[in-house]
Every structure is written in structure tokens, then in C-alpha cells.
Amino acid sequence: MSRSWGRALGGLLLAFLMATSAGPGTARATEPATGRIPSVGTAWDQPGPYEVTVDIEAVHTFYHPKDMGQRGELHPVVIWGNGTGAVPGIYSSLLRHWASHGFIVAAANTPTSNFALSMRAGIDVLEHRNADSSSPFYRKVDLEHIGSAGHSQGGAAAVNAAVDPAVPIQPGPLTDPDLMDEPVFYLAGQRDLTVWPALVQALYRDSSHVPAVYGEVRGAGHLSSIGDGGDFRAPTTAWLRFWLMGDENARGTFFGPGCAYCTDTDLWSGWERNTRALQIPGPTV
């Protein structure tokens with residue numbers, strides 16, 4: 001990592017840590033008890049229906065709906081890995097956004113996430129709390145649906161930690177897709193001079209054994225995904241909602257011959273789906 005990148009990241013870290021906690025997820029859900037996460041249509045970039053709370057702990061920071069399970073629903077988990085030298089506060093608005101859509105985000109506080117040990121430990125913590133009748137997480141965690149996501153070094157860790165579908169955002173090179181057996185959505189930035197798009201494409205092409213999608217965000221640099229996620233926010237939300245919640249509104253965004261992102265040249269400077277991804281059917285209506 002260059003000194004200029006380190007200075008930029010440090011300054012942004014300070015700015016985000018000093019920011020207010022206001023952000024996505026301020027609208028309260030009002031649907032009756034259904035046992036399901038509410039639909040948001042295709043408004044992936046907009047706040048979801050849940051009010052969000054954040055628990056900052058020694059090893060993890062948890063972003064989650066304030067009133068978990070209020071409809072009898074279980075909340076899928078996203079484990080998160082930070083970029084080199086970063087902490088979850090750098091990405092707070094993005095992680096809050098996911099929580100507003102009904103996810104429990106277990107963000108590892110470590111600035112060196114590559115080996116994914118702290119990320120995976122977040123699953124153990126939630127498993128324990130899900131079984132603890134004194135915990136607000138009691139019987140509200142969907143431990144059958146656990147996604148992994150991260151940025152830069154944490155993007156590589158998202159592949160290393162993959163349990164269910166992965167979302168590596170501008171991932172570093174210290175990972176091996178051959179160790180992963182889950183659908184994966186690789187995200188690159190067209191103007192990323194830290195993790196070049198070609199490096200992300202190489203990981204994508206080494207993932208032929210799983211459904212894999214590659215999206216290169218037009219005009220994005222390496223810092224474009226921090227904060228609220230920028231143009232990375234909507235596609236990552238849609239991917240997580242489809243794979244972890246079974247949200248059929250997101251299917252046609254990625255899959256089928258007329259997938260919405262396939263022709264969105266305003267958002268993407270590069271877009272590819274491998275053979276296994278092409279086999280996933282699109283919407284039936």
C-alpha cells in the first residue's frame with residue numbers, strides 16, 4: 001500500500017469516525033407479522049424498511065435491525081472484512097444500509113483481515129447469542145444463510161471466509177478462489193490504481209467452478225466504495241438479497257438473457273457472467 005493511499009485512508013477514517021450516526025435505515029417497517037423480510041421492490045440503493053442499531057465491541061462491530069424478528073422473520077448474516085489499515089467505521093454507511101434491509105452485519109474490527117479469522121469468529125458469536133435467551137439476538141439469526149463481503153484486503157478475505165455467496169469488493173490478491181464453493185460477485189473499479197481491474201478479472205476467471213459475475217464500476221477508484229458504498233451499494237445489496245433472502249425481485253438484475261445489469265453501460269465499464277452463472281434461470285414473469 002502506498003504512503004499516499006495510507007494518508008488518504010487515515011484522513012477518511014477520521015472523517016467517518018467523527019460523522020454522525022444518521023444514515024440509511026431510519027424508516028421503521030410497518031408490515032404485519034409474516035415471517036419474511038419485507039420486499040423493497042428494486043430500490044436497492046435506497047434505505048430498507050428497518051431502523052438500524054450499531055453495537056461496537058472489542059472484536060466486532062454489529063450492524064443490525066433495531067427490532068429484529070418483529071414479524072417472526074429470521075435475519076441473514078453478512079460477515080465483513082475491512083481494507084488494509086481500516087476499521088468498520090470507514091464503511092459505516094454501507095454496512096448500516098445492509099442492516100436496514102434486514103441483514104445482521106458482523107464486521108471484524110481488525111485492520112488486517114486477510115486470513116478471515118475474525119470474520120469467521122463473528123459467526124460463532126452470533127451462533128452463541130442466537131441460543132442465549134437473554135440476548136436480543138435470541139432465535140432471530142438466520143444461521144443457514146451467511147454471506148461474506150469485504151473491501152480490498154477484506155475483499156480477498158471475503159473469498160477466504162466464504163460460507164454462502166461472497167461479495168469481494170476490489171479484492172486484493174492474497175486469496176484462492178479454488179478453495180471456495182459458493183456463488184461470487186467480483187466488483188472492480190475502472191480507475192482503481194491499487195487493485196487493477198485486471199487483477200479482479202483474474203480471480204473471476206479462476207472461479208469457473210462456481211457461478212461467478214464480474215462487474216467493473218465505471219469511473220470508480222479504490223476509495224469509491226467506502227462510506228455509503230457509492231455505486232457499489234445497489235448491486236451488492238441486490239446480490240445479498242437474492243442469495244440470502246431469496247428475493248426474486250433481484251433475480252432479473254443478474255440472471256436470465258435480459259438481466260438488467262447486462263446492458264447498464266452507465267453503471268458498468270465491464271460486465272461478465274461465467275458459464276455457471278448463465279445457467280441460473282431468469283425471472284419467469
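Reader: Helices (H or I, at least four residues) and strands (E, at least two) are DSSP runs, numbered from the N terminus. Given that this is a predicted model, which element supplies the largest share of the lining of the second largest pocket?

Author: The second largest pocket is lined by 19 residues, and those nearest its centre are Arg36, Ile37, Pro38, Arg241 and Met245. At least two lining residues come from each of strand E5 (141–151) and helix H6 (233–245). The largest share, three residues, belongs to H6.

Reader: How many residues of that lining are charged?

Author: The pocket in question, the second largest, holds about 280 Å³ of space. Its lining comprises six nonpolar residues and six polar ones, while the charged residues number seven.

Reader: Which strands are the edge strands of the sheet?

Author: The sheet is open and of mixed pairing, with nine strands in the order E1-E2-E4-E3-E5-E6-E7-E8-E9. An edge strand pairs on one side only, and this holds for strand E1 (52–56) and strand E9 (268–273).

Reader: Which residue of E4 stands opposite threonine 61?

Author: In general, the strands of a sheet pair through backbone hydrogen bonds, in either a parallel or an antiparallel manner. Strand E2 (residues 60–65) and strand E4 (residues 104–108) run antiparallel and are joined by four bridges. Within E4, the residue opposite threonine 61 is alanine 107.

Reader: At about what angle to E5 does helix H4 run?

Author: Helix H2 (residues 92–100) lies across E1, E2, strand E3 (75–81), E4 and E5, and runs at about 40° to E2. Helix H4 (residues 153–160), in turn, lies across E3, E5, strand E6 (166–169) and strand E7 (184–189), and its angle to E5 is about 145°.

Reader: How many residues apart are arginine 129 and glutamate 57, whose pair links distant parts of the chain?

Author: Seven salt bridges are found in a search of the whole structure, and in one of them the side chains of arginine 129 and glutamate 57 meet at 2.9 Å, N to O. Arginine 129 belongs to helix H3 (residues 117–130), whereas glutamate 57 sits in the loop between E1 and E2, and the separation is 72 residues.

Methods:
Residues numbered from 1 in each chain as written. Predicted model: local features only at pLDDT ≥ 70, side-chain atom pairs only at ≥ 80, totals over all residues. Heavy atoms only, no water. 1 Å grid on protein atoms, 1.4 Å probe; cavity = no way out; pocket = protein on both sides within 12 Å on 5 of 7 lines; lining within 4 Å. Points joined across faces, edges and corners; volume = space filled by probe spheres on them. Nonpolar A, V, L, I, M, F, W, Y, C, P; charged D, E, K, R; others polar. Pairing = 2+ DSSP bridges. Contact = heavy atoms within 4.5 Å. Axes fitted to C-alpha atoms, helices over the stretch in contact; angles between N-to-C directions. Salt bridge = Lys/Arg side-chain N within 4 Å of Asp/Glu carboxyl O.
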